[in-house]
Amino acid sequence: MAADTPLRLLVLEDTEADALLIQRRLEQSGLKARIRRVDRTEQLAAALADEQWDAVLYDYTLPGMHFEDTIGLIRKQRPELPIVLVSGTVSEEMAVTLLQHGLNDFVLKDNLLRLPSVIRRAVNSAAERCRRKRAEDQLRKLAMVVEQSPTSIVITDTRPAIEYVNQAFLDQTGYSAAEVLGQNPSILNQGKTPPATYRNLWATICRGEVWNGEFCNTRKDGSVYLETATVAPIRADDGRVTHYVAVKSDVTQLRDSESRIHQLANFDELTGLPNRSLLLDRLQQASRSARQTGRHGMVLALDLDGFKFINDTHGYDIGNRVLESVAERLRENLSDDSTVARIGGNRFAVVVENLSRRRNRAATQAHDLAELIHEELQLPHCVGETETLVRHSTTMGLCLVLHDHENAERLLNKAEIALQRARDAGRNSWCFFNGEMQALVEARGRIENGLHQALEQNHLALAYQSQFDASGRLIGAEGLIRWNRPGEDPIPPGQFIPLAEETGLILPIGQWVLDTACRQLQSWAQHPRTRGLHLSINVSARQFHEPRFVDQLLEALERYEIQPGRLSLELTESVVLNDLHQTQQRMLAIRDLGVGLALDDFGTGFSSLSYLKNLPFHTLKIDRSFVSDMIATTSSAAIVRATISMGHALGLTVIAEGVETRAELDLLKDFGCNAFQGFLFARPVPGDQWQPEDQTIATS
Ligand code: C2E
Ligand code: MG
Ligand code: MG
């Protein structure tokens with residue numbers, strides 16, 4: 001209480017004069033006080049109820065008021081209010097009795113000098129009692145809160161040994177207080193919490209900071225639970241850390257329901273496949289990785305046709321089993337890093353990553369995958385206890401995931417638009433979103449089918465383009481494949497050869513070319529004019545690396561009784577680059593047979609003469625693009641000149657292809673080129689029209 005605030009004193013006194021006397025006495029001593037006198041029980045009760053008082057001055061000899069009742073009344077209403085007895089006389093016995101009843105002090109009226117200091121002391125000590133009581137109350141409350149808190153609380157010393165645990169801790173862990181006090185809190189850790197968590201915990205609290213994290217602890221009965229924890233250092237007044245407190249809550253159920261929620265939010269309940277929302281996530285990822293790796297991805301949307309009919313005729317249970325069976329087939333036929341999802345009642349979707357970097361190739365891969373899925377889903381499903389056989393057709397839409405960043409929603413949308421288009425076109429088929437790609441894939445399909453037929457029906461032919469030496473003498477020809485489609489435009493080999501490579505059709509085609517060329521050489525061998533001519537044929541990478549290639553070559557040479565030196569194989573750099581060691585071995589085997597080897601299209605690819613040194617080529621063919629640039633571009637001319645002299649230095653014959661003009665020929669001759677091939681001399685002509693007599697020697 002502030003020193004200048006007057007004390008509020010309630011004076012129980014029947015004599016007005018005595019009350020005034022008391023007031024004067026207090027004023028004289030400098031103690032400011034407001035005094036109110038009462039002399040009846042009702043007045044006392046009202047005053048206690050209505051106003052705040054700092055002390056009661058009490059003359060116990062009031063008529064009609066028994067001291068026990070009076071003190072009882074005051075204590076009941078104001079337990080802390082100091083009561084000072086101020087009386088004319090009081091026996092020692094009475095004083096003791098009164099003190100026992102809760103009186104705080106007493107002053108005799110003839111010694112009122114003491115009164116101010118007695119009042120002050122009584123008021124101060126009452127205030128002190130009040131403070132202490134409040135603090136005790138608070139402590140008691142705090143203890144109750146800690147003890148009854150629903151979260152586990154553990155206090156340890158710095159070793160750390162447990163000093164205190166609350167009831168929630170005991171309930172949670174199943175241990176008794178006696179079992180854990182003095183123990184290290186790690187008794188709860190059976191190795192399920194990652195060691196890194198503890199390292200992090202200690203590093204944090206040793207820095208004097210608060211740590212938050214999660215423990216996976218084990219109860220006394222061995223069961224495991226997850227709890228989030230806050231661990232904080234506790235400091236003494238001098239700042240030293242003396243204890244740690246951990247506050248922990250069990251989150252096992254929360255996590256369980258979280259994972260359940262995750263499951264519900266991201267997966268289809270029936271098939272266990274990702275749902276539309278998770279698929280979109282994965283698609284977004286695929287789009288990102290397409291951008292990073294440069295590889296295409298694809299998304300395919302798929303509808304089971306007539307699914308309603310299945311439900312109607314067989315019932316929902318069978319319908320559900322069919323959906324499960326579809327899910328299983330899709331999963332079985334796709335790699336683990338693909339995503340299969342159910343995105344609607346009878347709609348599924350597939351996301352595949354890591355297709356080719358090349359767009360056309362990626363489109364082909366996507367197409368092949370669609371075909372595979374389509375075929376797999378064509379097989380009947382055997383479902384239900386009755387082993388019902390159920391069939392359905394499937395309609396699909398495809399969209400490539402390209403390098404340009406596109407959002408997942410849009411990509412899936414495109415696949416679904418393509419699906420709609422396929423459905424409009426009459427179900428049970430598939431369609432690309434991109435028209436150009438669709439055309440490409442369809443054309444490819446046509447070419448592939450056509451090539452099969454061409455092989456069977458003998459629509460392939462070899463055309464021969466003559467080759468000459470520097471003196472204009474005919475030295476041989478290159479065999480170039482032609483595909484004659486009855487009633488249709490020819491497709492140039494540059495278009496169908498790469499496709500034949502992809503599909504493997506190049507193997508029978510290559511064998512056919514080899515046979516045809518050998519037959520031609522056999523026929524040339526019959527005539528003196530053609531006996532000395534060479535024939536070169538083109539061999540593609542896949543064909544060359546086929547394990548049986550050298551055997552096939554030998555068989556053909558023997559079957560047609562060819563002088564091996566009459567035949568040459570033209571290889572491109574792509575053949576050579578594949579696997580240098582194997583290429584070298586194989587080329588050596590071919591050289592040992594006596595067959596010539598030419599490096600075709602030199603200058604268009606990697607163009608390194610360094611591997612020429614290590615590979616047994618006989619001939620170097622300068623690509624047509626250099627020859628045609630030579631006149632206009634001096635650098636091309638310089639390259640051709642250098643190539644020719646380096647070829648010679650390596651002991652190779654150099655032939656230029658695509659020679660179209662006299663000027664080109666003259667320059668090439670100047671540079672020392674050994675042989676020539678091109679429209680200036682002859683175009684490729686069909687075998688039956690090719691005559692050595694017709695060859696005009698256009699040189700010199
Ligand atoms: P290549 O082996 O470099 O064949 C030369 C190509 O240039 C031929 O085209 C030929 O017709 C053309 N050509 C020749 N002289 C001239 C000229 O003066 N001017 C112009 N503009 N072009 C000329 P073609 O027949 O279309 O063959 C293209 C490519 O197809 C060949 O290039 C070869 O890589 C491949 N190819 C052709 N036949 C076969 C074959 O039987 N097997 C394999 N694996 N590939 C073949
Ligand atoms: Mg060639
Ligand atoms: Mg060439």
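**Figure 1. Phe267 sits in the loop between helix H9 (252–266) and helix H10 (276–293).** Welcome to the first close-up of this predicted model. Setting aside neighbours within four places in sequence, the contacts of Phe267 are His262, Gly272, Leu273, Pro274, Asn275 and Leu278. Arg342 is worth finding in this view too: 75 residues separate Phe267 and Arg342 along the chain, yet their C-alpha atoms are 8.4 Å apart.

**Figure 2. Four domains make up the division of the protein: domain 1 (7–144), domain 2 (149–255), domain 3 (269–433) and domain 4 (451–694).** For a sense of scale, take domain 1 and domain 2, whose C-alpha centres are separated by 53 Å.

**Figure 3. The magnesium ion (ligand 2) is held by Glu478 (OE), Asn538 (OD1), Glu570 (OE) and Asp600 (OD).** These protein donors lie 2.0 to 2.3 Å from the ion. If you would like to trace the donor residues of the magnesium ion (ligand 2) in the sequence, their spacing reads E-x59-N-x31-E-x29-D. Two of the residues in this view, Asn538 and Asp600, link distant parts of the chain. Asn538 belongs to strand S20 (residues 534–538) and Asp600 to strand S22 (residues 596–602), with the two residues 62 residues apart.

**Figure 4. Asp600 bridges the magnesium ion (ligand 3) and the magnesium ion (ligand 2).** The two ions are 4.1 Å apart, and Asp600 coordinates both. Around the magnesium ion (ligand 3), the coordinating atoms come from Asp600 (OD), Asp601 (OD) and Glu657, with Glu657 (OE) listed twice. Distances at the magnesium ion (ligand 3) run from 1.9 to 2.6 Å. Along the chain, the donors of this ion follow the pattern D-D-x55-E.

**Figure 5. Helix H19 (residues 549–559) packs with helix H21 (residues 580–593) at an angle of about 10°.** The axes of H19 and H21 are 10 Å apart. Why do we call H19 roughly parallel to H21? Because angles under 35 degrees count as roughly parallel, the angle of about 10° makes H19 roughly parallel to H21. The crossing of H19 past H21 is right-handed. On the H19 side, the contact is made by Phe549, Val550, Leu553, Leu554 and Leu557; H21 contributes Arg586, Ala589, Ile590 and Leu593. Sorted by character, the residues of this contact comprise eight nonpolar, no polar and one charged.

Definitions and conventions:
Residues are numbered from 1 along each chain as its sequence is written. Chains are lettered from A and ligands numbered from 1 in the order in which they are written. This is a predicted model: local features need pLDDT of at least 70, side-chain atom pairs count only at pLDDT 80 or more; totals for chains, interfaces and linings use all residues. Side-chain values use heavy atoms; hydrogens and water are left out. Axes are lines fitted to C-alpha atoms, for helices over the stretch in contact, and angles run from 0 to 180 degrees between N-to-C directions. Helices (H or I, at least four residues) and strands (E, at least two) are DSSP runs, numbered from the N terminus. Angles under 35 degrees count as roughly parallel, over 145 as roughly antiparallel, 65 to 115 as roughly perpendicular and the rest as oblique. A crossing is left-handed if the near helix is turned anticlockwise from the far one by less than a right angle, and right-handed if clockwise. Contact means heavy atoms within 4.5 Å. Ala, Val, Leu, Ile, Met, Phe, Trp, Tyr, Cys and Pro count as nonpolar, Asp, Glu, Lys and Arg as charged, and the others, Gly among them, as polar. Domain bounds come from an automatic or database domain assignment. Donors are N, O and S atoms within 2.8 Å of the metal (3.2 Å for Na, K and Ca); water is not among the atoms, so sites may look incomplete.
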